[in-house]
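Colleague: Please give me a close look at the loops and helix packing of one chain, and set that chain in the context of its partner. I should like the terms explained as they arise.

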Amino acid sequence: MASLASAPAEEPYIRLEKVTRAFGRFTAVDEVSLDIHRGEIFCLLGGSGCGKTTLLRMLAGFEQPTAGRIFIDGVDMAGVPPYERPVNMMFQSYALFPHMTVQQNVGFGLKQEGMPRAQREERVAQMLGIVKLTGFERRKPHQLSGGQRQRVALARALIKRPKLLLLDEPLGALDKKLREHTQFELLNIQERLGVTFVVVTHDQEEAMTLATRIGVMNQGRIVQVGTPHDIYEFPATRFVADFIGNVNLFEGRLIEDEPDHVIIESPQLGTPIYVGHGVSAAPQATVWAAVRPEKMVLSRESPQESFNKVPGVICEIAYVGDMSVYLVRLDSGGTLRITQANAYRHADERLAREERIWVSWHPSSVVVVTQ
Amino acid sequence: MRAGSRALAIALPGMWLTLFFLIPFVIVLKISVAGTQLAVPPYTPLLEWVDGHLQVRLNLGNFLFLLKDSLYLDAFVSSLKVAGISTVLCLLIGYPMAYAIARSGSTWRNILLMLTILPFWTSSLVRVYAWMGLLRSNGPINNLLLSLGLIHEPLVMLQTNFAMYVGIVYSYLPFMILPLYANLEKHDPSLIEAAVDLGARPWRAFLQVTVPLSLPGVIAGSMLVFIPAVGEFVIPRLLGGTDSLMIGRVLWDEFFLNRDWPLASAVAICLLIALVLPIIVFQRYQSREVGAGAGP
């Protein structure tokens with residue numbers, strides 16, 4: 001995978017070797033091999049049922065792989081029960097003990113180690129300071145807001161200073177405003193404590209802002225591993241391109257294959273696509289060209305270039321505030337999705353529905369995927 | 001319209017309780033302060049019209065007599081003891097069963113629940129008689145032990161405290177299991193996972209998380225066993241020894257053998273008061289729990 005070269009050259013902190021987990025005939029996780037490095041925030045991203053939660057539960061020790069091995073800090077985790085792993089988990093539901101106070105919840109892990117009360121309370125106070133919950137020691141979970149509960153869960157999972165913190169949809173239960181705030185707070189805490197995070201999420205936005213690297217999962221397999229930028233700008237497959245963000249995909253054939261550029265003929269689009277980089281695919285092979293909506297430009301006059309432009313009619317405009325989404329019906333019958341930033345408040349030149357328009361894009365904006 | 005239907009919804013159980021609980025209670029209360037007389041009914045009236053005077057006769061002698069004769073206090077204490085021991089036994093047997101049912105898969109769970117309730121399909125009296133047959137000197141249990149060579153002469157089990165406890169625990173076990181199951185079944189399994197994840201061995205996770213969270217179920221089950229067990233009459237009579245002194249039996253004797261209705265009513269009233277107190281405590285506890293669980 002492309003991004004492995006960019007990772008630090010040290011021994012991987014967490015190593016998964018062909019890890020498989022089958023439930024009867026259903027294979028939830030299928031031969032996943034993965035290296036995660038110390039201090040990383042690694043996001044497992046995928047739709048529901050893609051196996052990401054099963055993978056997380058295997059790291060925690062709640063599930064055992066049917067095949068393959070898991071190493072954490074060089075130690076094989078086979079047969080190591082969850083209570084002996086240097087791993088803690090923040091549950092999606094937070095799983096706070098309802099009969100215990102915030103202090104008892106956060107101190108629970110230390111109590112299991114047999115740490116004396118005074119020392120425990122000191123550590124709890126310190127941790128509550130980090131998650132900004134000082135003064136809430138005596139509250140019970142039901143007396144807290146959603147955001148506060150999330151922070152109690154985080155404090156409880158961090159108090160034993162685990163080597164690895166697993167987070168299952170950490171922001172899923174929070175509203176939008178609180179999510180953004182918590183996201184940055186989570187990053188801040190991770191940086192301060194230097195813990196390695198593995199985050200499971202179905203929310204690409206959450207993955208993009210949190211992760212140093214993302215592993216995109218589909219049907220039990222990891223389809224692509226890379227930085228958020230890699231994943232977004234250089235998707236390896238149609239699935240990744242389509243799953244992360246929005247994309248306009250065109251099926252076509254390579255009709256010109258040069259080291260510095262290729263030309264793709266797409267009957268769907270009705271115009272040849274000029275791609276400003278080489279592609280490793282057989283000539284005449286079926287490929288897919290992907291262009292992100294924000295990388296397409298709308299104009300009333302036909303652009304100068306002789307390629308990468310198509311005429312069409314605006315059939316729908318959705319105003320979102322910071323940007324507008326345009327759906328353009330092409331003369332060839334297809335529909336394109338284009339987003340434009342609303343940079344000016346008084347758009348005298350605002351485009352209208354049913355207006356004839358040209359859509360164009362830069363040769364470097366096209367990503368070609370072969371599978 | 002809505003207020004009307006709500007009033008109706010409250011009125012129905014209200015009427016039921018008034019008709020079948022409050023009025024009988026008032027009648028019993030009335031009899032308990034009457035005097036005995038050889039008549040039908042066998043007690044003196046509360047209100048009497050004598051020479052133009054309305055006389056109200058309250059006879060508190062029945063209650064005083066209960067204190068004077070140690071029989072009643074002894075029977076009462078012994079009933080509480082029997083009920084208490086039975087409750088603890090039911091809890092010790094019922095908790096693991098309820099836990100196992102709550103943890104089993106949905107198919108097994110329904111079968112096991114069904115089996116728990118199944119004995120109710122037969123009359124409880126028949127089931128107690130069945131135990132008499134099982135525990136007899138020449139019953140199947142003794143025969144089995146004899147044929148295995150474990151004992152050389154039949155054990156005397158019938159008419160002992162052992163048989164009485166077997167009967168009470170057997171009869172009341174479902175009342176312990178069902179509320180416990182209802183409680184344990186609602187537990188979020190991720191709480192135990194969280195405890196184990198934080199370093200608690202499974203049995204410590206059970207003691208620190210499952211047990212405290214199941215206390216409402218423990219209390220409800222214990223109430224359902226303890227309260228009827230205190231007044232239990234049939235099982236001690238049929239299975240227990242002649243020396244077993246239960247308040248239910250005293251009540252029966254006073255009522256039917258001595259035909260001392262006022263004294264029997266006084267015993268009943270005392271029993272009721274003694275049992276209402278723990279119920280009130282339980283209600284308090286529960287409303288506090290409900291209040292605690294009402295968070296968003």
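**Loops, helix pairs and the partner chain**

Modeller: B:D51 is found in the loop between β1 and β2 (53-56) of chain B. Strands and helices here are DSSP runs, numbered from the N terminus: E over at least two residues for a strand, H or I over at least four for a helix. This is a predicted model, in which local features need pLDDT of at least 70 and side-chain atom pairs count only at pLDDT 80 or more, whereas totals for chains, interfaces and linings use all residues. Residues are numbered from 1 along each chain as its sequence is written, and chains are lettered from A and ligands numbered from 1 in the order in which they are written.

The backbone of B:D51 deserves attention, since phi of this residue is near 50°, a positive value in a residue other than glycine. Another loop of chain B, between α1 (2-32) and β1 (47-50), holds B:P41. The peptide bond that joins B:V40 and B:P41 is cis, with omega about -5°.

The helix pairs come next. Two packed helices are described by the angle between their axes and the distance between the axes. The axes are lines fitted to C-alpha atoms, for helices over the stretch in contact, and angles between N-to-C directions run from 0 to 180 degrees. Helix α7 of chain B, residues 161-185, takes part in two such pairs, with α9(B) and with α3(B).

In the pair with α9(B), the axes come within 8 Å and cross at roughly 155°. The two helices α7(B) and α9(B) are therefore roughly antiparallel to each other (angles over 145 degrees count as roughly antiparallel, under 35 as roughly parallel, 65 to 115 as roughly perpendicular and the rest as oblique). Their crossing is right-handed: the near helix is turned clockwise from the far one by less than a right angle, where an anticlockwise turn would make a crossing left-handed. From α7(B), the residues making this contact include B:I168, B:Y172, B:F175 and B:M176. From α9(B) they include B:P216, B:V218, B:L224 and B:V225, with B:G217 and B:G221 also among them. Residues are in contact if their C-beta atoms, placed from the backbone, lie within 7 Å. By class, this contact of α7(B) with α9(B) has 14 nonpolar, 4 polar and no charged residues. Ala, Val, Leu, Ile, Met, Phe, Trp, Tyr, Cys and Pro count as nonpolar, Asp, Glu, Lys and Arg as charged, and the others, Gly among them, as polar.

In the pair with α3(B), residues 70-103, the axes come within 7 Å and cross at roughly 45°. Helices α3(B) and α7(B) are therefore oblique to each other, and this crossing is also right-handed. The contact of α3(B) with α7(B) divides into 21 nonpolar, 2 polar and 1 charged residues.

Chain B also touches chain A, in a contact that takes 19 residues from chain B and 20 residues from chain A. On the chain B side, at least two residues each come from α8 (189-197), α9 (202-230) and α12 (261-293). Of the elements on that side, α8(B) gives the most, with 7 residues. The chain B side consists of 10 nonpolar, 4 polar and 5 charged residues. Helix α9(B) thus appears both in this side and in the pair with α7(B).

In the partner, chain A, the domain assignment gives domain 1 (2-240) and domain 2 (246-369), with bounds from an automatic or database assignment. Their C-alpha centres lie 39 Å apart, and 5 residues of domain 1 are in contact with 5 residues of domain 2. The domain 1 side of that contact has 3 nonpolar, 1 polar and 1 charged residues.

Chain A has an open sheet of 6 strands with mixed pairing, in the order β6-β7-β8-β3-β9-β10. Strands β6 (87-90) and β10 (221-226) stand at the edges with a single partner strand each, so one side of each is left without a neighbour in the sheet. From one strand to the next, the twist averages 20°. Within the sheet, β3(A) (41-45) and β8(A) (196-201) pair in the parallel sense over 5 bridges (strands pair if DSSP finds at least two bridges between them). Here A:I41 stands opposite A:F197 of β8(A). Helix α4(A), residues 146-158, lies across β6(A) and β7(A) (164-168), running at about 175° to β6(A).

Methods:
Two residues are in contact if their C-beta atoms, placed from the backbone, lie within 7 Å.
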